[in-house]
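Colleague: I have a model open and would like to go through its layout with you. Could you take my questions in turn?

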Amino acid sequence: MTLSLGFFHRHRSGALMSRVLNDVNTMQEGVANVITGVMREGVTALALLGVVFYRNWQLAILAFLAIPLTVYPARTIGKRIKRLSGRSLEKLGDISKILQETFSGIKVIKAFGLEPRVVAEFNAVNREFYGFVRRTIKYTSLSSPVMEVITSLGIAAVIWFGGTLVMRGAMTAPEFFSFIAAMVMLYTPVRKLLSSYNVLQRSLGAAERVFEILDEEPEIRDLPTAVALDTAQGEVRFEGVSFSYQDEYVVRNINLEARKGEVVALVGPSGSGKTTLVSLITRFYDVSEGKVLIDGIDVRSIRTRDLLRQISLVDQETTLFNDTVANNIRFGRPDATDEEVEAVARAAFAHDFIMEMPQGYATCIGDRGVRLSGGQRKRICIARAILKDSPILILDEATSALDTESEQMVQQAINNLMANRTTFVIAHRLSTILHADRIVVLEKGEIVEQGTHRQLLEAGGLYRKLYEMQFDAQQRQGSGDPCPARE
Ligand SMILES: Nc1ncnc2c1ncn2[C@@H]1O[C@H](COP(=O)(O)OP(=O)(O)O)[C@@H](O)[C@H]1O
Ligand SMILES: [Mg+2]
């Protein structure tokens, strides 16, 4: 949760889930096994070692001459197991990634008849996983015969040398047999210790992957000098801002100011950097050059918690959780009363349809809100944003993907939401941004035009071109002017 959005874009959620579940589990098995094994078997082995050395230390040294010979194969096998463990967990991550994407995208898979492809993809990864597991088992099983051969060499040497000692009368027969008995009894704990060693290697392979995540430095974090910000006025300024995801600039040298309560619209072709630009305000990403300021304070020097309290974001995705309607709205402010929840639902034109649901505000809306229509989901998201009551509002394609009827409802809801807030609005349909205080036209990450609707139309640049394209399209559908003038 402390890692930045960029981290989550780089890693697939299925793979992350697998790391949290499978890798941690593998690591934990090792810890439990090794601690109990080393305690119990280690004590037994030490006691028996004492007996052996007490009986005849020269003979004991001879018996343990074989031990250094075991170090090399044990270490080699251990290393292999550790590497294989990491690789097989990686594959397990790939498997859960495929599963996660398959189940959440099941509708598209069915619609396009992609089942055989998904199955083939799954089988391929699963087979690779099987390969790694098999090799792990091979090395684990290999380790005991190797050790047995080496240790039996030691025991053979002891019987041969001890036998001659007894025959020469240098050692009594009972002494010799008690020595041999202790040696043989040593065998079990040593073997168990060795298998603990292999389990330890396996869990170390998992631990490396777990700590890779734990040691990940959050790209976005609070400076020690970060300042608190209670309630901002809501003035936002971009000063010479450039940003790149990898090496190419996606937004370049942006200078832009939105005064308190102003509505600034961002317009431009798809991929021109509109979403990227607004995500610099919320610090989903940090600027590469320049500054973004709220009330004259650089966002990077505001405590993240305080910064996010100043901003509401409504975008194309309507993320709802499988919970009641009321709780989904309350995400905006968890301590809101029932009356407050109802008030914002009314403002978002959601109250009426909520009351028609079986249990009203207590109705569970199902996984990702599948039981609601697109426009209804959106209005719940807007209610949530109204409840949050933050001075800055970002609307990123909030009304796209809606049919005309729900769009009108949503637009009215949005108008309520925009009241008295500094708003950045991104919309494809230019009709939604006609009345913005300022329209900023972006192309390939740069501001190419700025002004009001009238000014930009007169200027005859990119904005006019975009406007006429929509106008033409609408006329062909016979619905007239896409942007009826303000009544
Ligand atoms: N997470 C990301 N990683 C790398 N490149 C990205 C990422 N998000 C967007 N881009 C790229 O940045 C450019 C601008 O994208 P975006 O800001 O989403 O455009 P818009 O919202 O104007 O359609 C595009 O070329 C897009 O491919
Ligand atoms: Mg976008």
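Colleague: How many bridges join β4 to strand β5, residues 297-298?

Modeller: Bear in mind that this is a predicted model. Leu293 stands opposite Asp298 in β5. The two strands run antiparallel, and the number of bridges joining β4 to β5 is 2.

Colleague: Which residue takes a positive phi in the hairpin of β4 and β5?

Modeller: The hairpin has 2 residues between the strands. A positive phi, near 50°, is found there at Asp295.

Colleague: With which strand does β1 pair in the antiparallel sense over 5 bridges?

Modeller: Strand β1 covers residues 236-244. Glu239, for one, stands opposite Lys291 in β4. The partner over those 5 bridges, spanning residues 289-294, is β4.

Colleague: Moving to the open sheet, in what order do its 6 strands lie?

Modeller: The pairing in this sheet is mixed. Strands of a sheet can pair either parallel or antiparallel, through backbone hydrogen bonds. Here the order is β6-β7-β8-β3-β9-β10.

Colleague: Which strands stand at the edges?

Modeller: The sheet is open, with the order β6-β7-β8-β3-β9-β10, and its twist averages 15° from one strand to the next. Each edge strand has a single partner, so one side of each is left without a neighbour in the sheet. The edge strands are β6 (311-315) and β10 (446-451).

Colleague: Which residue is the bridge partner of Val264 in β8?

Modeller: Strands β3 (residues 263-267) and β8 (residues 422-426) run parallel and are joined by 4 bridges. Val263 stands opposite Thr423. For Val264 the bridge partner in β8 is Phe424.

Colleague: And which strand holds Val440, the bridge partner of Leu266?

Modeller: β3 also pairs in the parallel sense over 4 bridges with a strand covering residues 438-443. Val440, the partner of Leu266, belongs to that strand, β9.

Colleague: How many of the residues of β3 are buried?

Modeller: In the sheet order, β3 is placed between β8 and β9. The strand is mostly covered, and the buried count is 4 of its 5 residues.

Colleague: Which helix gives the largest share of the largest nonpolar core?

Modeller: That core has 69 residues, and Ala348, Ile382 and Ala383 touch the most other members. Ile382, setting aside residues up to four places away in sequence, touches Val314, Ala348, Val410, Ala413, Ile414 and Leu417. The largest share of the core, 7 residues, comes from helix α13 (residues 374-388).

Colleague: How many residues are in the second, separate core?

Modeller: In soluble globular proteins, nonpolar side chains tend to be buried together. The second core includes Leu59, Val158, Phe179 and Leu186. Its size is 8 residues.

Colleague: Is Met409 buried or exposed?

Modeller: Met409 lies in helix α14 (residues 404-418). Beyond four places in sequence, Met409 touches Phe349, Gly375 and Arg379; the C-alpha atoms of Met409 and Gly375 are 8.0 Å apart, although 34 residues separate the two in sequence. Because Met409 has 20 C-beta neighbours inside 10 Å, it counts as buried.

Colleague: Why is Met17 partly exposed?

Modeller: Met17 is in helix α2 (residues 13-55) and touches Ser96 and Gln100, not counting residues up to four places away in sequence. Between Met17 and Ser96, 79 residues apart along the chain, the C-alpha separation is 7.7 Å. A residue needs 20 or more other C-beta atoms within 10 Å to be buried, and is exposed with 12 or fewer. Met17 is partly exposed because its count is 15.

Colleague: Which residue with a positive phi follows α11?

Modeller: Helix α11 covers residues 338-347, and its buried residues are Val341, Glu342, Val344, Ala345 and Ala347. The phi in question is near 55°, and the residue is Phe349.

Colleague: Last, which helix gives the most to the shell around ligand 1?

Modeller: The residues around ligand 1 include His9, Tyr245, Val250, Lys274, Thr275 and Thr276. By class, the shell has 2 nonpolar, 8 polar and 1 charged residues. The helix that gives the most, with 3 residues, spans 274-279 and is α8.

Technical notes: Residues are numbered from 1 along each chain as its sequence is written. Chains are lettered from A and ligands numbered from 1 in the order in which they are written. This is a predicted model: local features need pLDDT of at least 70, side-chain atom pairs count only at pLDDT 80 or more; totals for chains, interfaces and linings use all residues. Two strands pair if DSSP finds at least two bridges between them. Axes are lines fitted to C-alpha atoms, for helices over the stretch in contact, and angles run from 0 to 180 degrees between N-to-C directions. A nonpolar core is a set of buried Ala, Val, Leu, Ile, Met, Phe, Trp, Tyr and Cys residues joined through C-beta atoms within 7 Å. Two residues are in contact if their C-beta atoms, placed from the backbone, lie within 7 Å. A residue is near a molecule or strand if its C-beta atom, placed from the backbone, lies within 6 Å of it. Ala, Val, Leu, Ile, Met, Phe, Trp, Tyr, Cys and Pro count as nonpolar, Asp, Glu, Lys and Arg as charged, and the others, Gly among them, as polar.
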